[in-house]
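Work through the exercises below with the sequence and the model open. Try each task before reading its solution.

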Amino acid sequence: MTPTAAPAGPAAPAPATAPHRRRARGLHTPTPARAALRYLLLLLVLLLVLGPFLWQLSTSLKGPDEDVYTSTPRFLPEQLTFSNYAKVADTIPVWTYAANSLVVAAIAILGNVVGCTLAGYALAKLRFRGARLLLGLFLATLVLPGEATVVSQYVTVRSLGLADSLVGVALPGALAMLNVLLMRTAFAAVPPELDQAALVDGANVWQRLWHVGLPNVRGMLSVIVIFTFIGAWDDFLWPLIVLTDPRKYTLTVGLQYLNGTFSANPRLIAAGTMIAFLPIVVVFAVCQRFFFKGVEEGAVKG
């Protein structure tokens with residue numbers, strides 16, 4: 001008897017041909033119209049972000065005889081001068097106000113880096129009674145607007161004897177609940193196997209925090225440093241409430257003297273605005289390198 005052939009199995013899929021591969025690559029390659037639209041939208045966003053900054057910078061460099069209210073805006077000054085910055089320094093003690101703002105920002109950054117790191121690690125890695133309740137309270141504080149707690153904050157600062165002081169200005173912002181939650185999320189992303197391995201090796205809580213936790217959350221720490229500095233440097237309402245001595249004013253409060261005294265001269269106001277804005281640019285330019293480096297190194301190494 002002639003043996004019958006075994007039934008053939010399912011046919012293997014044919015390898016993709018060159019036209020198919022080209023069509024697949026074409027799905028991910030934008031057309032010239034889409035690319036042009038994408039760059040047009042990016043240019044529009046860039047103008048919206050940098051436009052006010054460039055206009056203030058241009059106004060601060062214009063001479064006294066140059067009209068800043070022309071119907072056709074001119075970004076390039078016809079009479080380039082830096083005398084407006086010198087006049088700001090002669091009118092108000094701008095460097096003293098800037099030093100006061102730096103002190104407030106330094107206290108706020110130190111409090112957030114230390115306090116939020118410890119609180120975030122405790123909520124993410126330690127097991128203790130009432131941890132969920134404490135986390136819920138932290139979340140509840142985010143619902144309250146800042147204006148709702150101004151009175152209670154001022155009463156607390158005054159009862160501590162810190163009214164009209166730079167420490168009193170920095171104290172409410174020295175521990176932000178949002179930063180605590182961000183650090184908790186960053187620590188929770190660290191695999192628990194690393195903590196268990198360190199625990200087997202005999203490491204205590206502080207050693208696990210320093211050698212295991214912190215190397216993996218440096219990117220989040222950079223984010224907290226940048227935004228804490230910006231928030232402390234730009235804050236206006238709280239320093240205005242706490243401080244009464246003009247010598248202790250922060251830069252944002254002290255610059256209001258320019259707006260009141262020289263309201264008809266926008267060049268000095270623009271120069272003062274640039275003096276207050278440039279430190280933020282410098283801090284961000286310095287810290288963004290550490291931010292991206294921290295994000296790359298935050299990945300768990302095998």
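**Ground rules.** This is a predicted model: local features need pLDDT of at least 70, side-chain atom pairs count only at pLDDT 80 or more, and totals for chains, interfaces and linings use all residues. Numbering runs from 1 along each chain as its sequence is written, and side-chain values use heavy atoms, with hydrogens and water left out.

**Exercise 1. Place Thr250 and list its contacts.**

Step 1: locate the residue. Thr250 sits in the loop between α12 and α13. Helices here are DSSP runs of H or I with at least four residues, and strands are E runs of at least two, numbered from the N terminus.

Step 2: check exposure. Thr250 has a relative accessible area of 4%, so it is buried. Buried means under 20% relative accessible area, exposed over 50%, and partly exposed in between, with a 1.4 Å probe and protein chains only.

Step 3: find the partners. A contact means heavy atoms within 4.5 Å. Setting aside neighbours within four places in sequence, Thr250 contacts Tyr97, Asn100, Ser101, Val104, Asp235, Pro239 and Leu243.

**Exercise 2. What does the side chain of Thr252 reach?**

Step 1: Thr252 belongs to helix α13.

Step 2: its relative accessibility is 13%, so Thr252 counts as buried.

Step 3: a polar atom of the Thr252 side chain lies 2.8 Å from the backbone oxygen of Asp235.

Step 4: not counting residues up to four places away in sequence, Thr252 touches Trp233, Asp234, Asp235 and Phe236.

**Exercise 3. Which residues have the most contacts inside the largest nonpolar core?**

Step 1: fix the term. A nonpolar core is a set of buried Ala, Val, Leu, Ile, Met, Phe, Trp, Tyr and Cys residues joined through side-chain atoms within 4.5 Å.

Step 2: read off the answer. The largest core has 32 residues, and Val88, Ile92, Trp233 and Leu251 have the most contacts inside it.

Step 3: find the contributors. Helices α3 (83-91), α4 (94-125), α6, α7, α11 (218-234), α12 (237-242), α13 (251-254) and α15 (266-297) each supply at least two residues of this core.

Step 4: look for a second core. Another one lies apart from it, with 18 residues, among them Cys116, Leu123, Leu214 and Leu221.

Step 5: zoom in on Trp233. Beyond its neighbours within four places in sequence, Trp233 is in contact with Ala98, Ser101, Leu102, Leu251, Thr252, Ala276, Pro279 and Ile280.

**Exercise 4. Compare the spans of α2 and α8 with expectation.**

Step 1: the expected span is 1.5 Å times one less than the number of residues.

Step 2: α2 (residues 32-60) has 29 residues and reaches 40 Å from first C-alpha to last, close to the expected 42 Å.

Step 3: α2 has a kink of about 40° at Leu50, shortly before Pro52. The bend is the angle between axes fitted to the seven residues ending at a residue and the seven starting there.

Step 4: α8 (residues 177-188) has 12 residues and reaches 16 Å, close to the 16 Å expected.

Step 5: add burial. In α2 the buried residues are Ser58, Thr59 and Ser60. In α8 they are Met177, Asn179, Val180, Leu181, Met183, Ala186 and Phe187. Their cover includes α4, α5 (131-141), α10 (205-213) and α11.

**Exercise 5. Where does Asp164 lie, and what is its phi?**

Step 1: Asp164 is in the loop between α6 (150-159) and α7 (166-170).

Step 2: its phi is near 55°, a positive value in a residue other than glycine. Most residues other than glycine have a negative phi.

Step 3: the relative accessible area of Asp164 is 19%, so it is buried.

Conventions. Polar contact = N/O pair within 3.5 Å; in protein donor to acceptor, adjacent residues only side chain to side chain.
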